[in-house]
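Here are a few warm-up exercises to work through with the model open beside you. Try each one before you read its solution.

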Amino acid sequence: MAYLDDLDRAILKVLKEDARATISEISEKINKPESTVHFRIKKLIERGIIEKYTIVLGEVARPKEVAFVVLELEKPVIEDFLGRYLEYVSRNLAMLPNVLLVAKTEDDKIVALVGAETKEELSEFIEENIQSIPSVREVVVYPVAEFKKGEDIKGVLLEV
């Protein structure tokens, strides 16, 4: 993880709250000269700390129901094919509109965060699109009752 000083963190905090904030607005909020803010933002971009500015969808556009889904695939006869098949399944899952996030674990499982408007739609989506994947040995669904941190992920990664 890259080193960030207090000024970098202050700038990022303002931008996280409102990515449309102008340099003069940021300058005013953190009580630093505009030239300093401009220079630091430029450096944050150059260092890859800021990659892009994006939007977070409002509550009305986010899925109301979300769940983490853990998939375990059957081990193929030829062990070398497992990595490629995991990559194939992960890529295909990531293209589905209800899938917000896809990750592969160290023990060769796939974790997806999926969302829908209702519990019924969520269950139907999981059944039709995930449990039906060939070679899936086990699917474990963990419905999310409440986010303690990171709820914005539902609005940042949702396909529109």
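**Exercise 1.** What percentage of the 160 residues in the protein is buried?

*Solution.* Keep in mind that this is a predicted model. Start with the cut-off: a residue is buried when its relative accessible area is under 20%. Apply that along the chain, and buried residues come to 32% of the 160. For the surface itself, the exposed area is about 10900 Å², with carbon and sulfur atoms supplying 52% of it.

**Exercise 2.** Lay out the fold, then work out how its spread relates to a compact globule.

*Solution.* First, count the elements: there are six helices and four strands. Next, put them in sequence order, which gives α-α-α-β-α-β-β-α-β-α. Now take the radius of gyration: it is 20 Å, well over the 15 Å from the globule rule for 160 residues, so the protein is more spread out than a compact globule. As a last step, box up the C-alpha atoms along the principal axes, and you get roughly 60 × 40 × 25 Å. As for contacts with a separation of 6 or more, 64% of them link residues 24 or more positions apart.

**Exercise 3.** Find the pairing partners of strand β1, and say how covered the strand is.

*Solution.* Begin with β3: it runs antiparallel to β1, and eight bridges join the two. One of the residue pairs to look for is E65 with A116 in β3. Then go to β4, which also pairs with β1 in the antiparallel sense, here over seven bridges. On that side, A67 has P143 of β4 as its bridge partner. Finally, check the cover: β1 spans residues 65-73, and seven of its nine residues are buried.

**Exercise 4.** Two residues, D108 and S135, have a positive phi without being glycine. Place each one and decide on its exposure.

*Solution.* A bit of background comes first: most residues other than glycine have a negative phi. D108 has a phi near 60° and sits in the loop from β2 (99-104) to β3 (109-116). Its relative accessibility is 26%, so D108 counts as partly exposed. S135 has a phi of about 70°, and its loop lies between α5 (119-129) and β4 (136-143). With a relative accessible area of 40%, S135 is partly exposed too.

**Exercise 5.** How far apart are the mean positions of the positive and negative charges?

*Solution.* Take the 23 positive charges and find their mean position, then do likewise for the 31 negative ones. The two mean positions turn out to be 7 Å apart.

How values were computed: Residues are numbered from 1 along each chain as its sequence is written. This is a predicted model: local features need pLDDT of at least 70, side-chain atom pairs count only at pLDDT 80 or more; totals for chains, interfaces and linings use all residues. Side-chain values use heavy atoms; hydrogens and water are left out. The radius of gyration is taken over C-alpha atoms; the globule rule is 2.2 Å times the number of residues to the power 0.38. Buried means under 20% relative accessible area, exposed over 50%, partly exposed in between (1.4 Å probe, protein chains only). Contact means heavy atoms within 4.5 Å. Accessible areas come from the Shrake-Rupley method with a 1.4 Å probe; for residues, only the protein chains shown count as cover. Lys and Arg count as positive and Asp and Glu as negative; His and the chain ends are not counted. The place of a charge is taken as NZ of Lys, CZ of Arg, CG of Asp or CD of Glu. Two strands pair if DSSP finds at least two bridges between them.
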